[in-house]
Amino acid sequence: MLIDDHFNPRPTDIIVATSPKCGTTWLRALVFSIINRNSFDFSDHPLRKANPRDLVHFLEAHIRGDGSTASIDGLPSPRLLSTHLPYSLFPECMTDDTSACRFVYICRDPKDVLVSKWHFANKLRPKGVPPLSLEEAFDLFCKGVSHYGPFWDHVLGYWKASLESPKKVLCLKYEDVKKEPLGCVRKVANFLGVPFTPEEENKEIVEEIVKLCSFENMSNQDVNKSDTRSQEKPISNSDFFRKGEVGDWVNHLSPQMSEILDQITEQKFQGTGFSFHRFLVLSSSYYLCPLCCSFNNV
Ligand code: A3P
């Protein structure tokens with residue numbers, strides 16, 4: 001309602017959209033560095049001095065109860081904004097075909113999302129409050145009790161929009177970006193209408209962007225290593241970096257939990273054309289990873 005009433009969308013707006021813990025930090029960094037690639041030197045890049053959340057404005061945080069949107073109204077075009085809101089909550093003036101603003105969405109295997117959320121929730125747990133058990137987190141997640149609504153509905157909202165309006169919504173999967181970061185960066189640049197030129201390809205700009213935004217590089221920047229919690233920002237930059245891996249759920253979820261989550265996912269996505277890569281359980285201690293086609297010891 002606040003966005004409907006107060007936000008003034010521009011046709012050039014680029015919205016980075018995610019359900020929490022699906023790769024918001026990573027996608028913010030990637031899109032920021034793609035669209036600003038001619039403005040900064042990679043060795044002295046803003047991403048080496050600031051967390052992506054300080055470079056990409058979080059829409060929900062800027063549209064407050066009093067309706068003031070001054071902080072984002074003053075930004076130059078094209079504005080890069082970030083959101084966790086489901087697609088269905090955006091006003092028609094942003095989602096219908098007459099609007100030119102674009103959404104880049106990333107989602108992730110819900111088993112990894114749950115594990116990431118659970119760790120994150122416990123990091124932010126106030127002192128004196130007992131930790132959230134994995135069982136409790138699992139139960140809530142499966143029931144759809146998540147920030148910004150049930151995970152599966154969030155994904156489907158953007159997925160369906162990407163099918164109906166492929167020029168407006170691009171859907172990425174965390175697992176695909178991990179596997180083929182160069183291809184995904186090119187895809188995002190093409191989608192945003194700023195494809196890499198042959199000169200840029202020769203200069204390996206795509207490779208520079210992938211390196212700059214990699215988990216290894218970003219999590220090792222001083223700005224992301226230090227504890228930056230404050231009253232204004234109760235979440236520290238370092239809280240957004242944990243492992244950054246595909247399939248870490250095998251270290252936490254029981255086979256029953258993973259089976260239940262896979263079943264929900266299958267039911268929810270049936271007939272939609274959307275699926276996540278699956279890890280096939282071969283024995284109690286080995287998984288076949290369809291991403292890298294290798295056997296992984298649990
Ligand atoms: P894990 O908890 O599985 O490690 P969000 O940014 O949406 O809050 O998501 C956080 C998750 O993304 C965490 O996952 C975090 O480690 C991972 N992440 C953060 N930066 C990343 C990067 N540059 N590349 C890959 N994953 C990253």
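In this predicted model, Ile14 has Arg102 as its bridge partner in strand E4. The pairing belongs to a set of 5 bridges between strand E1, residues 14–18, and E4. The two strands run parallel. Further along, Thr18 of E1 stands opposite Ile106 in E4.

Strand E1 also pairs with strand E3, residues 80–83. Here 4 bridges are found, and the strands are again parallel. Ile14 stands opposite Leu80 in E3. Ala17 has Thr83 as its bridge partner in E3. Ile14 therefore takes part in pairing with E3 as well as with E4, a point that rests on strands joined by at least two bridges.

Strand E4, residues 102–107, in turn pairs with strand E5, residues 169–173. These strands run parallel and are joined by 5 bridges. Cys107 of E4 has Lys173 as its bridge partner in E5.

Together these pairings are part of an open sheet of 5 strands. The strand order is E2-E3-E1-E4-E5, with parallel pairing. Strand E2, residues 57–58, and strand E5 stand at the edges. Each has a single partner strand, so one side of each lacks a neighbour in the sheet.

Burial was examined next for E1 and E4. In E1, 5 of the 5 residues are buried, so the strand is largely enclosed by the rest of the structure. Ile14, Val16 and Thr18 point one way from E1. Ile15 and Ala17 point the other way. All of these residues are buried. In a regular strand, side chains alternate between the two faces of the sheet.

Strand E4 is mostly covered as well, with 6 of its 6 residues buried. Arg102, Val104 and Ile106 point one way from E4. Phe103, Tyr105 and Cys107 point the other way. Burial extends to both groups, Arg102 included.

A contrast is given by Asn38. This residue lies in the loop between helix H2, residues 24–35, and helix H3, residues 52–55. Its relative accessibility is 70%, so Asn38 counts as exposed, the cut-off being over 50%. Asn38 and Gly271 are 42 Å apart in space, C-alpha to C-alpha. In sequence, 233 residues separate the pair.

At the level of the whole chain, the secondary structure comes to 16 helices and 8 strands. The radius of gyration is 19 Å. A compact globule of 298 residues would have a value near 19 Å, so the chain agrees with that expectation. The C-alpha atoms fill a box of roughly 55 × 50 × 45 Å along the principal axes.

Of the 298 residues, 49% count as buried. Contacts between residues at least 6 apart in sequence were also classified by separation. Among them, 70% join residues at least 24 apart. The exposed area of the chain is about 14800 Å². Carbon and sulfur atoms supply 54% of that area. The chain carries 34 positive and 38 negative charges. The mean positions of the two sets are 2 Å apart.

Notes
Residues numbered from 1 in each chain as written. Predicted model: local features only at pLDDT ≥ 70, side-chain atom pairs only at ≥ 80, totals over all residues. Heavy atoms only, no water. Buried < 20%, exposed > 50% of the residue type's maximum accessible area, 1.4 Å probe, protein only. Rg over C-alpha atoms; globule rule 2.2 N^0.38 Å. Contact = heavy atoms within 4.5 Å. Areas by Shrake-Rupley, 256 points an atom, 1.4 Å probe, with all protein chains shown as cover. Lys, Arg positive; Asp, Glu negative; His and termini not counted. Charge placed at Lys NZ, Arg CZ, Asp CG, Glu CD.
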